[in-house]
Amino acid sequence: AAMEINKAGGVLGMNIVTMTGDDACDPQQGTSAASKLVSAEVTGVVGGYCSGATLPTLKIYGDAGTPFVIAAANSTKLIGANQGNAFQVNSTGFDQVNTAIDLFSSKGINKLAIIHQGDGYSEDLAKLTREKWSGMGKEVVAYEVVNKGEQDHSALATRIRSKAPDAIFWTAYYADGALVIKQLRRAGYRGLIAVGDGSNSPKLLEIGGKATEGVYCFSNPTVQYLPAAKAFHENYKKEFNQEPDAYAPLSYDGMKLLADAIERARSTDKAAIIKALSATKDFKGIAGPISFTDKNTLARSNFVILVAKDGEWVLAE
């Protein structure tokens, strides 16, 4: 996105110069990365993948008054910690829960098992799902937490299978999720398995192999399902010789949105950029139009339901 903007003349006649801070999906490293960017006096930030690592950065960017376009992270905990300078271009956990409940209800599910990893994203999604499901008079027969990086899930699989759930919802990320799914299937569980958007990467299918066939995923729209992203998809592959991952379109839109806000502000003044971001109305992104609520969250749901078929994610019918 920055390359395209610069080729078209830049922003306010100036080229965008990018600087990277890697939060490594870890709160402590996220804090260090944010502090580095603030110390460098960046004009704005586009990023935020893992909610748990994004959450502590909100105070750092907020205290510095730095405009922050959050491309992927969508835990509802981000809403309360936002100091007014951060803007989410991905739909929130509330929207994901509604999408999940709709699928489970349409499949006649009554008994649900939920597994999370205790981080800001997966625990929030698990808690919201449990509350809404129980509030509908349905049963959550298991509510489990596993440690990140844990390899042996055999005891978990046995425990969950003994509860005989109609469906299992993994709310965390793909690397560990693939192992959990493999071991659940190995233990003989044959019911519906669904995963949240933290597991929408093709890597879940690569790691999980045949065990992931038929798994459902609640996902932001990726390039395969976005007609407006065709040119971006082709240009990305040509430039980087690889497929764009699940959040590439939202990251691309985030950079374009920030540049647009700077143009509308006619200034690199941070407060003016934040004001322009707040006033965004139907910005045309490749992932769809962007407008914000009064809480700086995306003013629509962008979730779709995918299903694993022959080693690929396809739109569920």
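Contact here means heavy atoms within 4.5 Å, and that is the sense in which one part of this predicted model is said to cover or touch another.

A good place to enter the structure is helix H7, which comprises the 16 residues 120-135. At 1.5 Å a residue, a helix of this length should span 22 Å, and because the end C-alpha atoms of H7 are 22 Å apart, the expected and computed values agree. At the N-terminal end of H7, Asp 119 acts as a cap, with a side-chain oxygen lying 3.1 Å from the backbone nitrogen of Tyr 121. Just after the helix, Gly 137 takes a positive phi of about 85°.

Many side chains along H7 can be followed inward from here. The buried residues of the helix are Gly 120, Tyr 121, Ser 122, Asp 124, Leu 125, Ala 126, Leu 128, Thr 129 and Trp 133. What covers them includes three helices, H3 (51-54), H5 (77-81) and H6 (93-106), together with the strands E4 (111-116), E5 (139-145) and E6 (167-170).

Strand E5, one of the elements that cover H7, holds both Glu 144 and Val 145, and these two residues repay a closer look. Is Glu 144 buried or exposed? With a relative accessibility of 15%, Glu 144 counts as buried, because the cut-off for that term is under 20% relative accessible area. The side chain of Glu 144 makes a polar contact with the side chain of Arg 159, at 2.9 Å. Setting aside residues up to four places away in sequence, Glu 144 touches Ile 114, Ile 115, His 116, Leu 156, Arg 159 and Ile 160.

Val 145, by contrast, is partly exposed, with a relative accessible area of 49%, a value that falls between the limits of 20% and 50%. Beyond its neighbours within four places in sequence, Val 145 is in contact with His 116, Gln 117 and Gly 118. The C-alpha atom of Val 145 is separated by 18 Å from that of Ala 53, a residue 92 positions away along the chain.

The next feature concerns the cysteines. A disulfide is a covalent bond between the sulfur atoms of two cysteines. A search of the whole structure finds 1 disulfide, and it is formed by Cys 25 and Cys 50, whose sulfur atoms are 1.4 Å apart. The pair links distant parts of the chain, 25 residues apart: Cys 25 sits in the loop between helix H1 (2-7) and helix H2 (27-39), while Cys 50 sits in the loop between strand E1 (45-47) and H3. The torsion about the S-S bond of Cys 25 and Cys 50 is about -45°, so the disulfide is left-handed. Cys 25 is partly exposed, with a relative accessible area of 25%, whereas Cys 50 is buried, with a value of 2%. Cys 217 is in no disulfide, and the nearest cysteine sulfur, that of Cys 50, is 15 Å away. At 0% relative accessibility, Cys 217 counts as buried.

The path ends at a hairpin, in which strand E11 (residues 304-309) and strand E12 (residues 312-315) run antiparallel and are joined by 4 bridges. Within this pairing, Ala 308 of the hairpin stands opposite Trp 313 in E12. There are 2 residues between the strands, and in this hairpin Asp 310 takes a positive phi near 55°.

Note on methods
Residues numbered from 1 in each chain as written. Predicted model: local features only at pLDDT ≥ 70, side-chain atom pairs only at ≥ 80, totals over all residues. Heavy atoms only, no water. Expected span 1.5 Å × (residues − 1). Buried < 20%, exposed > 50% of the residue type's maximum accessible area, 1.4 Å probe, protein only. Polar contact = N/O pair within 3.5 Å; in protein donor to acceptor, adjacent residues only side chain to side chain. Disulfide = S-S within 2.5 Å. Pairing = 2+ DSSP bridges.
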